[in-house]
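This report goes through selected features of one protein model, from strands and sheets to charged pairs and a single polar residue. Please keep the sequence and the structure in view while reading.

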Amino acid sequence: MPIETAVPTLPSATNRWLKGTNRLRYGGDYNPEQWPRETWLEDVALMQQAGINLVSVGIFSWALLEPREGEYDFGLLDDIIGLLHEAGIDVDLATPTAAPPAWFWKKYPDSRPVTRDGITLGNGSRGLVSPSSPDYRRAAAAITEQLARRYANHPALVLWHVHNEYGAPISDSYDDHSVAAFRVWLRKRYGTLEVLNELWGTTFWGQVYGEWDEIDAPRQSASVSNQAQRLDFHRFTSDALLECYIGERDVIRRFTPDIPVTTNFMATNCLSADYWRWSREVDIVSNDHYLVAERADNHVLLAMDADLTRSLAGGAPWILMEHSTGAVNWQPRNIAKRAGELARNSLSHLARGADGILFFQFRASRFGVEKFHSAMLPHAGAETRLWREVLALGQTLGALEPVRTSRVRARVALLWDTESFWAQDLEWRPSVELGHRERVEAFYTALWDRNVTVDFAHPTADLGSYDLVIAPSLYLVGPTASANLTAYVRAGGHLVVSYFSGIVDDNDTVYLGAAPGALREVLGLCIPEFLPLHENETVTLSDSRTGTLWADDIAVSTAEVLARYLDGPAKGGPAITRNAFGAGSAWYISTRLTGADLDSLMLDVLDTAGVDAAPGIDGVERVTRSNDTGDFLFLINHTDADRPCPAVGTELLTDAVVTGTVLVPAGLTRVVHHSR
């Protein structure tokens, strides 16, 4: 009796947006508590100069707003919100619950989080608390209610910002409150211990439970812990964090039902939360994104993150709540952004559906652990390249106002399932190189290089609008997802599946029979044995491609063999297959292909699916947003050389008429509007 975690289809695009200006939103975090009031006056004037129209305040202000439990002081917040409003700048007001004050930790020490290996963490940081602590939830609701009461009718308020980056820097806690809440969660999920024991496979290693209070959180143990229990604890943790958000959100809605509420996601960079679940609980999806500075392809990863965020929003406009103007402070080497990179990064998010571009933070801090993190206004002040680029971006966003509310439309979807990633990335898989992320990046990059815009989708979602669906890394496939993918192909869709997919059900239990149990029928094959490769071992395919990391012993039933292994442990056996199934087709790629080998195969797949994939222009990102009046083509040049690009229409930043080609200067962006 499998227990499935249903993920409902995302709601249709919300009509809730920020009241006030019709301009694209531009701004960032502001932390006035770090500065004297005369600095506030200077900063507000600089914000006006830059064209800033949205500022987030109060994110880490709990200790000042409630200096002692039940005693409130809103003088600072009243003053800064008033100054912003007088300047025509709207407010994104945060609940400060990511940073409980010192009195809270002193009075409620059992709210401290406990790591998996039993270490109780101290305060002095941010974002760390047991999400299951009743004292934390009560205190968070109390300060949230005070804020909602006080500012419900303030004309500057256009958005609520609950907490900050749930799950960062930690998510799961092994404290007593969490253990007790986990048991309650399990009883709701399984009903009886008999069902739990069956689906957790507790007869293995003698782990059978006779009473609910015998179940602990999956702490660090002598060997590998029960992996179904580990997977459920991930699910529980995401749900516990979500309950904290919903608790604060519902308090807010009692006072301001007309003001949208959000919390900032970290789409591809935080696996603490299942954002498909979270996205239907926020009024507007917002996201934080920071480049991996030392990776040369970080602009591609930025695009991937933006595409996932747009997908979580169901295609509706979303807000980039945080990114950096320059270097961050927490990577091994905090590389500064090159001239023009600030604008390119911002406009890539805009091109992929963001109608709000915000930074962390407005003025750089002089103290604290983020004092070397870049800001809109750096330590050196307004006579700097960064500030000039901030001013220029404000002007650019003003010129791009017609883009607002237009949508990005994709014909290709990549499957993204956080629960599958949780399960796949646990210990004792057939190879240590089977982490989910590498294949997702590889397939996304192959599509980015050919200017194929993609959505991300959950495997149980309605996939009917896509010509091609790709499962780069889908280890866990429950019965509902299996039926959904099978029906998609039968109805005429085209599916690409990479290795080690469809192996287990929702409880991390291997399907009966040969792999890939959940996808055997649609792929037209079975895999009696996995054949992982040695480190640095390669295999040669009959189509001249080269694979690494993985191979399968494949027995085809109805699938056509497109390439075979010429050497390696699967020598002579199928390596790449395609199965005609119903009105569609399903491809299986049983080894790791990279670079030109993956690109050429994807070109064949795209052609079969009828998706245009003309060669991209080296280093130029090409994305289109559309509305009823026409298309907005973004051409973002990530190279150091000018690039001529095909386009027709009016170039929005220069008002130049483009009749066939537009020259995109090195490091710059051009946006061409083509009217229908």
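Two strands are taken to pair if DSSP finds at least two bridges between them. The model described here is predicted.

**Strands and sheets**

An open sheet is formed by 6 strands in the order S10-S22-S23-S28-S25-S26, with antiparallel pairing. Its edges are strand S10 (407-408) and strand S26 (656-658), each of which pairs on one side only. Inside this order, strand S25 (residues 649-651) and strand S28 (residues 669-675) run antiparallel and are joined by 2 bridges. Glutamate 651 has valine 672 of S28 opposite it.

Another group of paired strands involves S20. Strand S20 covers residues 574-581, and 6 of its 8 residues are buried, so the strand is mostly covered, buried meaning under 20% relative accessible area. Strand S19 (residues 560-564) pairs with S20 in the antiparallel sense over 4 bridges. In this pairing, arginine 578 in S20 stands opposite glutamate 560. S20 is also joined to strand S21 (residues 584-589) by 6 bridges, and these two strands run antiparallel as well. Threonine 577 has tyrosine 588 in S21 as its bridge partner. S20 and S21 form a hairpin with 2 residues between them. In the turn, glycine 582 has a positive phi of about 60°.

In a regular strand, side chains alternate between the two faces of the sheet.

**A nonpolar patch on the surface**

Phe204, Trp205 and Trp428 make a nonpolar surface patch of about 440 Å². Tryptophan 428 lies in the loop between helix H13 (418-424) and helix H14 (437-449). Tryptophan 428 counts as exposed because its relative accessible area is 61%, and exposed means over 50%.

**Salt bridges**

The model has a count of 47 salt bridges. The table gives three of them, with the N to O distance of each.

| Acidic residue | Basic residue | N to O distance |
|---|---|---|
| Glutamate 69 | Arginine 138 | 3.2 Å |
| Aspartate 307 | Arginine 310 | 2.6 Å |
| Aspartate 618 | Arginine 643 | 3.4 Å |

The salt bridge between glutamate 69 and arginine 138 links distant parts of the chain, with the two positions 69 residues apart in the sense that they are 69 residues apart. Glutamate 69 is in the loop between helix H2 (62-65) and helix H3 (75-86), while arginine 138 is in helix H5 (residues 134-151). Both partners are partly exposed: the relative accessible area is 27% for glutamate 69 and 38% for arginine 138.

Aspartate 307 and arginine 310 are placed in another way. Both belong to helix H10 (residues 298-312), and because they are 3 residues apart there, about one helical turn separates them. Arginine 310 is buried, at a relative accessible area of 1%. Aspartate 307 is buried too, with 0% relative accessibility.

Aspartate 618 and arginine 643, whose closest N and O atoms are 3.4 Å apart, again link distant parts of the chain, 25 residues apart. Aspartate 618 sits in the loop between helix H17 (595-609) and strand S22 (620-627), and arginine 643 sits in strand S24 (residues 643-646). Aspartate 618 is exposed at 58% relative accessibility, whereas arginine 643 is buried, with a relative accessible area of 19%. That value counts as buried because the cut-off is under 20%.

Some salt bridges share partners, and in this way Asp307, Arg310, Arg352, Asp455 and Glu621 are joined into one network.

**Asparagine 226**

Is asparagine 226 buried or exposed? At 10% relative accessibility, asparagine 226 counts as buried. Its place is in the loop between helix H7 (193-200) and helix H8 (227-255).

What does the side chain of asparagine 226 reach at 3.0 Å? The answer is the backbone nitrogen of glutamine 229. The side chain of asparagine 226 also makes a polar contact, at 2.9 Å, with the side chain of glutamine 207. With neighbours within four places in sequence left aside, asparagine 226 is in contact with Trp200, Thr202 and Gln207. Glutamine 207 therefore appears both as a polar partner and in the list of contacts, where contact means heavy atoms within 4.5 Å.

Key:
Residues are numbered from 1 along each chain as its sequence is written. This is a predicted model: local features need pLDDT of at least 70, side-chain atom pairs count only at pLDDT 80 or more; totals for chains, interfaces and linings use all residues. Side-chain values use heavy atoms; hydrogens and water are left out. Buried means under 20% relative accessible area, exposed over 50%, partly exposed in between (1.4 Å probe, protein chains only). Patches are made of residues with over 30% relative accessible area and no salt bridge: like charges are joined within 9 Å, nonpolar side chains (Val, Leu, Ile, Met, Phe, Trp, Tyr) within 5 Å. Accessible areas come from the Shrake-Rupley method with a 1.4 Å probe; for residues, only the protein chains shown count as cover. A salt bridge is a side-chain nitrogen of Lys or Arg within 4 Å of a carboxyl oxygen of Asp or Glu. A polar contact is a pair of N or O atoms within 3.5 Å; within protein, one must be able to donate a hydrogen and the other to accept it, and residues adjacent in sequence count only if both atoms are side-chain atoms.
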